[in-house]
Structures are given as C-alpha cells and as structure tokens.
Amino acid sequence: MGFANNCTLAIMQPYFFPYWGHFCLIASTQAWVVFDTPQYTPRSWMNRNRILHAREGWQYLTVPLSNSSINISIKDVLLVSRKKSAQALSSKLEHYRKRAPFFNKCMAVFETAFNSVQDDRLVSLNIATLATVCNYLEIPFNYRIASELNLKLPGSLRSGQWAPNIAERLGAHTYINPINGNALFDTSEFSEAGVSLSFLEHEQLSYTCNGYEFQTSLSIIDAMMWLSPSKLSEVIHTKYSIRQENL
C-alpha cells in the first residue's frame, strides 16, 4: 500500500489551507490517508477557510465549486475555475501586504499550491495546499489517497469504524485523531484490530497581528503571514500532546 508496517497513521478529509492544529496532526504521524471517498459536505472546511478581514474580525476565503452536492463523493467535487479562484482569493489577501512581515513568502506558498495542481478537482487542490505548506515548514508529509488504495472494506461502516478498519489493512501500529473527535470511537474496535488509538490535543496559539485584532483558529495562511517559517514550524512541533487510549 506504500506505507511502512507499524507506522503511525492519521486519516482526514482534505481541507483547504486548514488551521495550524491540522499540521500538528501531520507532524505527529508517519503516514496520512486523504479520505476522499465519503459523501461531500457542502459549506465545510473542504472548500473554504477563514482569514482576517481588512477592517475587523474575520472573513471566509472560499473556493467556488461547480458541482457542490451531498449526492457526490469528495473525490468527484470540481472547482469552477482554478485560475480564476486563485486570482480572486489572492485579491482577498492583499490587505495583509503592508502589515504582515511574511506576506511575500506566504503568497509564494499560496501560488505554488494552485500552480502545482494539474486538474480542477477540489481534492487535488487541497492535497496541494497541505503538501506545499508542509514543504515550506519542513514537515514530512507521507500521504496516500483513499480512493486509489483499493481497500476492501465492509459495506456498512459507521463514522468511527472507518479508522480501525483502514489502519488495520494498512498495517498501522497507531492511529491518531484530534481530541475533539474522541466520541466517535470505540477503543475496543481498535484493540480488536491490533491498533493503538491515541488523541492529539494542542495548546492555544496566539501571535501579534500588526494593526489587527487577533482571531483564533484561522487558516494556516494567517499564521504564515505573521510568523517566520522556523517559528511556525517550532510551534507546530512542540505545542501538542498525544494521549494513548488503549494498549
């Protein structure tokens, strides 16, 4: 399947420039499955995220879609136009230019993510955003795409059962999930699969935003505007803890 046996694994839907805590999860794992086979959820973090507003508070940074529907899988969602989206979203980020010390570096990451995509699938763009940010912050990102793994899974799995089944088939030793999803899982199902279940919890992050009021849990784009690559990477690697649930 492309992963080493006994790896530490996370499985997540592909999000658009997610917040910094998402990258704590990537940094804590050795393998990552882009979970693109479930039903798409409109108006989710998959095609939008939040950045600072030019005047006050925050605003959405949204990628327009041509076929947003609960009747399709994530892997089948298409952008209206990757090129036009990049131009429109870039203009929304312009207000950072005169105030954010790492504006140019951040915009280079943004542009690289869009330019590296070869099709108009949302999942392709979101993988590019993760990979480009990880490269910028020197975080290893070893991923596979669920729809390309040809996993033979039972046909009637509830939400919390996908993880132990996929982890077992990929030979993972440990599965890590954000702490806010702990209610989904039954630890005994992981034990039966021979997989250790752990949860990641991160500290709160705050930083100075020259001329703006800090807003919590914005897109990683905002953090990259204000923090150097080395500082942000340090934060991502050190401000989380892992709690093991089963043995």
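Start at the hairpin: E3 and E4, with five residues between them. Select glycine 57 in the turn; its phi is positive, about 70 degrees. Keep in mind throughout that this is a predicted model.

**The E3–E4 hairpin**

Show strand E3, residues 48-52, beside E4. The two strands pair in the antiparallel sense, over five bridges. Pick leucine 52 and look across: tryptophan 58 in E4 stands opposite.

Now select E4 itself, residues 58-62, and turn on side chains. Which residues point to the buried face? Gln59 and Leu61 do. Trp58, Tyr60 and Thr62 point to the other face and are not buried. In a regular strand, side chains alternate between the two faces of the sheet.

Two of those side chains carry an arginine over the ring. Add arginine 48, which lies over the face of tyrosine 60 at 4.1 Å from the ring centre. Then add arginine 50, over the face of tryptophan 58, at 4.6 Å from the ring centre.

**Aromatic pairs**

Next, colour the aromatic residues. The model holds 17 aromatic pairs. Go to phenylalanine 110 and phenylalanine 114: their ring centres are 4.9 Å apart and their planes meet at 40 degrees, so the pair is tilted. Both residues lie in helix H3, residues 103-115. They are four residues apart, about one turn of the helix. An α-helix has 3.6 residues a turn, so residues three or four places apart point the same way.

Are these two rings buried or exposed? Phenylalanine 110 has a relative accessible area of 2% and is buried. Phenylalanine 114, at 3%, counts as buried too. Add Phe16 and Phe17 to the selection; with Phe110 and Phe114 they form one aromatic cluster.

Move on to tyrosine 175 and phenylalanine 190. Their ring centres are 5.8 Å apart with planes at 25 degrees, so this pair is stacked. The pair links distant parts of the chain: tyrosine 175 sits in strand E6 and phenylalanine 190 in helix H6, 15 residues apart. Tyrosine 175 is buried at 2% relative accessible area. Phenylalanine 190 is buried at 0%.

**Helix H5 and its neighbours**

Stay with E6 and H6, and bring in helix H5, residues 162-169. Its buried residues are Ala163, Pro164, Asn165, Ile166 and Ala167. What do they pack against? Strand E1 (8-12), strand E6 (174-178) and helix H6 (187-193). Just after H5, select glycine 171, where phi is positive at about 75 degrees.

**The loop between E6 and H6**

Follow the chain from E6 towards H6 and stop at alanine 183, in the loop between them. At 75% relative accessibility, alanine 183 counts as exposed, the cut-off being over 50%. Draw a distance from its C-alpha atom to that of glycine 160: the separation is 8.6 Å, for residues 23 apart along the chain.

**The largest pocket**

Finish by displaying pockets. The largest one has about 890 Å³ of space. Of its 29 lining residues, the closest to the centre are Met12, Tyr15, Asn177, Pro178 and Asn180. Which elements give two or more residues to the lining? They are E1, helix H1 (20-27), H5, E6 and strand E7 (196-202). Colour those elements and H5 comes back into view, this time as part of the pocket lining. E1 and E6 also return here, having already appeared as packing partners of the buried H5 residues.

Technical notes
Residues numbered from 1 in each chain as written. Predicted model: local features only at pLDDT ≥ 70, side-chain atom pairs only at ≥ 80, totals over all residues. Heavy atoms only, no water. Buried < 20%, exposed > 50% of the residue type's maximum accessible area, 1.4 Å probe, protein only. Contact = heavy atoms within 4.5 Å. Phe/Tyr/Trp six-rings, centres within 6.5 Å; stacked < 30°, edge-to-face > 60°. Lys NZ or Arg CZ within 6 Å of the ring centre and 35° of its normal. Pairing = 2+ DSSP bridges. 1 Å grid on protein atoms, 1.4 Å probe; cavity = no way out; pocket = protein on both sides within 12 Å on 5 of 7 lines; lining within 4 Å. Points joined across faces, edges and corners; volume = space filled by probe spheres on them.
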